[in-house]
Amino acid sequence: MAKVRGAVVVDNDVCKGCNLCVVACPTQVLALNRNVNNKGYHYSYMENPENCNGCTNCSAVCPDSCITVYRVKAEA
Amino acid sequence: MSVLTDRINEIIKPENLVYAKSPLLNDDLMHYCPGCSHGVVHRLIAEVIEEMGIQEQTIGVSPVGCAVFAYNYIDIDWQEAAHGRAPAVATGIKRVMPEKYVFSYQGDGDLAAIGTAETFHAVNRGENIVMIFINNAIYGMTGGQMAPTTLVGQITSTTPHGRDVDLNGYPLRITELLAQLPGAAYVTRQSVQTPGAVRKTKKAIRKAFEIQAKKIGTAFVEVVSTCSSGWKLSPVDSNKWMEENMFPQYPLGDLKDTGRADAELYRIKAK
């Protein structure tokens, strides 16, 4: 398993399931959940969390600003 | 799996935070459709204002259109303008309070159709304001009717067989027209469909606000955007459609970056 270096937290109730973050992710971390949120949208979640490198591409394209990104710095 | 969850929880700590929503964006749920470019541009404006530390000095003028409720989402001072009149209202605010940062935020139905006169004359006067123009080639709010910026052949609810030049004329490239006006200081066209484009647009918006501080003319930022509801495509397909069809008609890049023209060039020779 690859070293985990980043993680994203999606605000499930704010996400509208537009799929733009899934397409923008260069390491195929994100996917749309089979479950739906309060509004009936398939919200985004980390399907392959071990691939995340915390590049913030998903948060850059998110129209609803529902993604928070964390990254571990300077770790081998 | 629990090992993985533990490792993720180890990363999710305040000291490892690299991106969080700007505090200027409040917790109200945006009313925009999924994938709408408005949300991205709202966030970029909030981030630029936060980074420049001008929250208390900034006044936005919101349009009529989908972005009419922009004042609900960004915690700065706002003024709502009549349809198309945002540049005129922004002019008034800026002239009364020249120390404030004033920007207008308009869509193509507002800026390029009903508000064309206000737009052109505000830029021609070289008002020291920032104008942000969201061009999605359609009237999104009212149900996807043809806008002046609609592409030839594009299907809308009022052009069900595609826009016809004989009947409806040509797409209006308003940003190219504004770049010719002597009052324009900075005119650029950007987009927000990829992370790279979002970062470029943020730089352009920041530059526009910095130009306002220098008082060297109008800064105009067009953002070529999608309207997945109006175009009747998914958000991802909308981005593809925009890249294939909008960008050839609305090429990205800076059109002018010289500051307001020198008045001596336009002065009469004889007295």
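Between chain A and chain B of this predicted model, the count of salt bridges is zero. The rule for polar contacts nevertheless finds eleven residue pairs across the interface of the two chains, with both residues of each pair at pLDDT 80 or more. On the side of chain A that touches chain B, the elements that give two or more residues are strand E1 (6-10), helix H1, helix H2 and strand E4 (67-71) of chain A, and the largest share, five residues, comes from E4(A). By residue class, this side of chain A divides into 21 nonpolar, eight polar and nine charged residues.

The size of an interface is often given as the accessible area lost when the parts come together. For chain A and chain B, the buried area is about 2800 Å², with carbon and sulfur atoms giving 67% of that value. The residues of chain A that lose the most area to chain B are A:Lys16, A:Ser65 and A:Tyr70, which together account for 20% of what that side buries. In terms of contacts, 38 residues are taken from chain A and 34 residues from chain B.

Although no salt bridge is counted between the two chains, a search of the whole structure finds 14 salt bridges over all chains. One of the residues named above for its loss of area to chain B, A:Lys16, forms a salt bridge with A:Asp64, the closest N and O atoms being 3.0 Å apart. Because A:Asp64 lies in the loop between H2 and E4 of chain A and A:Lys16 in the loop between E1 and H1 of chain A, the pair ties together parts that are 48 residues apart in sequence. Both A:Asp64 and A:Lys16 are buried.

In chain B, a network of salt bridges links B:Arg43, B:Glu47, B:Glu51, B:Lys202, B:Arg206 and B:Glu210. Within this network, the side chains of B:Arg43 and B:Glu47 meet at 3.7 Å, N to O; both residues lie in helix H2 of chain B, four residues apart, about one turn of the helix. With a relative accessibility of 2%, B:Arg43 falls under the 20% cut-off and therefore counts as buried, and B:Glu47, with a relative accessibility of 7%, counts as buried by the same criterion. B:Glu47 also forms a salt bridge with B:Lys202, in which the closest N and O atoms are 3.0 Å apart. This second pair links distant parts of the chain, since B:Lys202 is in helix H8 of chain B and B:Glu47 in helix H2 of chain B, 155 residues apart.

In soluble globular proteins, nonpolar side chains tend to be buried together. The largest nonpolar core of the model holds 43 residues, of which B:Val41, B:Ile45, B:Phe103, B:Ile132 and B:Ile205 touch the most other members. At least two residues of this core are supplied by each of helix H1 (20-24) and helix H2 (57-61) of chain A, and by each of helix H2 (37-52), strand E4 (101-107), strand E5 (130-135), strand E6 (184-191), helix H8 (195-214) and strand E7 (218-224) of chain B. The largest share, seven residues, comes from H2(B). When neighbours within four places in sequence are left aside, B:Ile132 is in contact with B:Val41, B:Ile45, B:Phe103, B:Ser104, B:Tyr105, B:Gln106, B:Ile205 and B:Val221. Apart from the largest core lies another, of 23 residues, which includes A:Cys66, A:Ile67, B:Ile8 and B:Ile11.

Key: Residues numbered from 1 in each chain as written. Chains lettered and ligands numbered in written order. Predicted model: local features only at pLDDT ≥ 70, side-chain atom pairs only at ≥ 80, totals over all residues. Heavy atoms only, no water. Core = buried A, V, L, I, M, F, W, Y, C linked by side-chain atoms within 4.5 Å. Buried < 20%, exposed > 50% of the residue type's maximum accessible area, 1.4 Å probe, protein only. Contact = heavy atoms within 4.5 Å. Buried area = accessible area lost by both parts, 1.4 Å probe. Salt bridge = Lys/Arg side-chain N within 4 Å of Asp/Glu carboxyl O. Polar contact = N/O pair within 3.5 Å; in protein donor to acceptor, adjacent residues only side chain to side chain. Nonpolar A, V, L, I, M, F, W, Y, C, P; charged D, E, K, R; others polar.
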